[in-house]
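Got the viewer open and a selection box ready? Here's a walk through the model, one pick at a time.

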2 protein chains.
Amino acid sequence: MVDMGRWQPDALGRLERAAFELYAQRGYEQTTVTEIAERAGVTERTFFRYFADKREVLFSGSSHLVDIAVEAVSEAPASMAPIDAVGAALEAGARVLQLDREHATRRQLLIDANPSLQERELLKMTTLSTAIAGALRDRGVGSAYAEIAAAAGSALFAISFRRWISPGESRDYPQIVRDSLLELKTVAAGRS
Amino acid sequence: MVDMGRWQPDALGRLERAAFELYAQRGYEQTTVTEIAERAGVTERTFFRYFADKREVLFSGSSHLVDIAVEAVSEAPASMAPIDAVGAALEAGARVLQLDREHATRRQLLIDANPSLQERELLKMTTLSTAIAGALRDRGVGSAYAEIAAAAGSALFAISFRRWISPGESRDYPQIVRDSLLELKTVAAGRS
């Protein structure tokens, strides 16, 4: 654990808020770590205690998301089909993101506008898919099936996310994940 | 059509070969357009007739791949299930890439080693997925099903590609695509 000191409570939260404000106001590329630290009222050294660079501020929740997904696969009943264990993992992830739709939306707009962020987001999704495939193999699912189920699940998670943040969408994110999984099962069964 | 002139037959092919040689020898980042043109025996101006920049040399076949996939979906029998029309599109694409496994492998090694190429590769896969979804909608497939089928198909195409170029794999690329599609259908049906 990092000792934040009494004089700077919630430095992490303040840095994240400051970064998002600056990215929205000046653009991601134009914002510097110096400016983020200044707005958050901390030193640059404090910034680097939490983040490797300004890009990582947008990905601080990624490893948490992966942990939650892996845990959901591991804790799914042994009798549950692999694809439904993947569904449970995606739903668990969706429940976390669901907590702040506005934040998730603003984050996605930033990513869409910056190629270097898209590359990092791609790595995040690959990491998620690889972790879910590993958790499936730990349940005894064959390697090829685990890889396919996890990759299809990741694609579905990304599509569901886009649907969730699109204007006019009224369903919550976990519900969209459930609906999309049903659509995947339907098309894969040769129907639509 | 570009007039290549009698004095520089197959400038395109020579530029591609020169670029791949230099990327392999010096690294992608270190290679300049000037060097590529020089090795190919053409002017820089000729390079820019064919490619917007040195990155695009690696993606010259992308639009052809998309065309082939879309055509396969469009020409699939009306009675064919959407997922199998996607399978036909991926197989058609695999048959083209199949023509030169060594080239495909070297290209992938370059992409894996360079983040800016990964980003472009991601765009290529998104473009492919979007085009296949559009071709499915043109067949009357509902928008949500078309999106899910195309995204699952793209994920499957990428996984199949990795399997195809991995050492020890003996199946050809179209066969791996067929096998992977069967695996997707199996896991989506709750089996594995």
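Start by selecting Arg163(B) and Glu147(A): the two form a salt bridge, with their closest N and O atoms 2.7 Å apart. Keep in mind as you look that this is a predicted model.

Now pick the counterpart, Arg163(A) and Glu147(B). Their side chains also meet in a salt bridge, at 2.8 Å from N to O. Arg163(A) sits in helix H8 (residues 143-165) of chain A and Glu147(B) in helix H8 (residues 143-165) of chain B, so this pair joins two chains. Is Arg163(A) buried or exposed? It counts as buried, at 12% relative accessibility. Glu147(B), on the other hand, is partly exposed, with a relative accessible area of 30%. The count of salt bridges between chain A and chain B is 2.

**The interface**

Color the two chains separately and show everything where they touch. The contact takes 28 residues from chain A and 28 residues from chain B. The area buried between the two chains is about 2,600 Å², and carbon and sulfur atoms give 76% of that. Which three residues should you highlight on the chain A side? Go for Tyr145(A), Ile148(A) and Val187(A), which supply 24% of the area that chain A buries against chain B, more than any other three residues.

Next, switch on polar contacts. Across the interface of chain A and chain B there are 4 residue pairs in polar contact, counting pairs with both residues at pLDDT 80 or more. To see which elements take part, select helix H5 (82-97), helix H7 (115-138), H8 and helix H9 (173-188) of chain A; each supplies at least two residues of the side that touches chain B. H8(A) gives the largest share of that side, 10 residues. Color the same side by residue class and you get 17 nonpolar, 6 polar and 5 charged residues.

**A threonine on H9**

Stay on chain A and click Thr186(A), which lies in helix H9. This threonine counts as buried, at 14% relative accessibility. Where does its side chain reach? Look for the backbone oxygen of Leu182(A), which the side chain of Thr186(A) reaches at 2.7 Å. Then show what surrounds Thr186(A): leaving aside neighbours within four places in sequence, it is in contact with Arg191(A), Ser192(A) and Tyr145(B).

**Down into the core**

Hide the polar side chains for a moment. In soluble globular proteins, nonpolar side chains tend to be buried together. Here the largest nonpolar core has 85 residues. Select Ile132(A), Leu136(A), Phe157(A), Ile132(B), Leu136(B) and Phe157(B), the members with the most contacts inside that core. Zoom in on Ile132(B) and ask which residues it is in contact with, leaving aside its neighbours within four places in sequence. You should find Ala69(B), Val73(B), Val86(B), Ala89(B), Leu90(B) and Ala150(B).

**More salt bridges**

Bring the charged side chains back. How many salt bridges does a search of the whole structure find? Over all chains, the search gives 31.

For one within a helix, select Arg95(B) and Glu91(B), whose side chains meet at 3.7 Å, N to O. Both lie in helix H5 (residues 82-97) of chain B, 4 residues apart, about one turn of the helix. The two partners differ in how they are covered: Arg95(B) is partly exposed at 46% relative accessibility, while Glu91(B) is buried at 17%. Over in chain A, add Glu91(A), Arg95(A) and Arg178(A) to your selection; salt bridges that share partners join these three into one network.

Back in chain B, try Asp10(B) and Arg17(B), which form a salt bridge at 3.3 Å from N to O. Asp10(B) counts as partly exposed, at 39% relative accessibility, and Arg17(B) is partly exposed too, with a relative accessible area of 46%.

**Zooming out**

Finish with chain A as a cartoon. What does its secondary structure come to? You'll see 9 helices and 0 strands. The C-alpha atoms of chain A fill a box of roughly 55 × 40 × 25 Å along the principal axes. Color by burial, and buried residues make up 49% of the 192 residues in the chain. Last, turn on contacts in chain A between residues at least 6 apart in sequence: 64% of these join residues at least 24 apart.

How values were computed
Residues numbered from 1 in each chain as written. Chains lettered and ligands numbered in written order. Predicted model: local features only at pLDDT ≥ 70, side-chain atom pairs only at ≥ 80, totals over all residues. Heavy atoms only, no water. Salt bridge = Lys/Arg side-chain N within 4 Å of Asp/Glu carboxyl O. Buried < 20%, exposed > 50% of the residue type's maximum accessible area, 1.4 Å probe, protein only. Contact = heavy atoms within 4.5 Å. Buried area = accessible area lost by both parts, 1.4 Å probe. Polar contact = N/O pair within 3.5 Å; in protein donor to acceptor, adjacent residues only side chain to side chain. Nonpolar A, V, L, I, M, F, W, Y, C, P; charged D, E, K, R; others polar. Core = buried A, V, L, I, M, F, W, Y, C linked by side-chain atoms within 4.5 Å.
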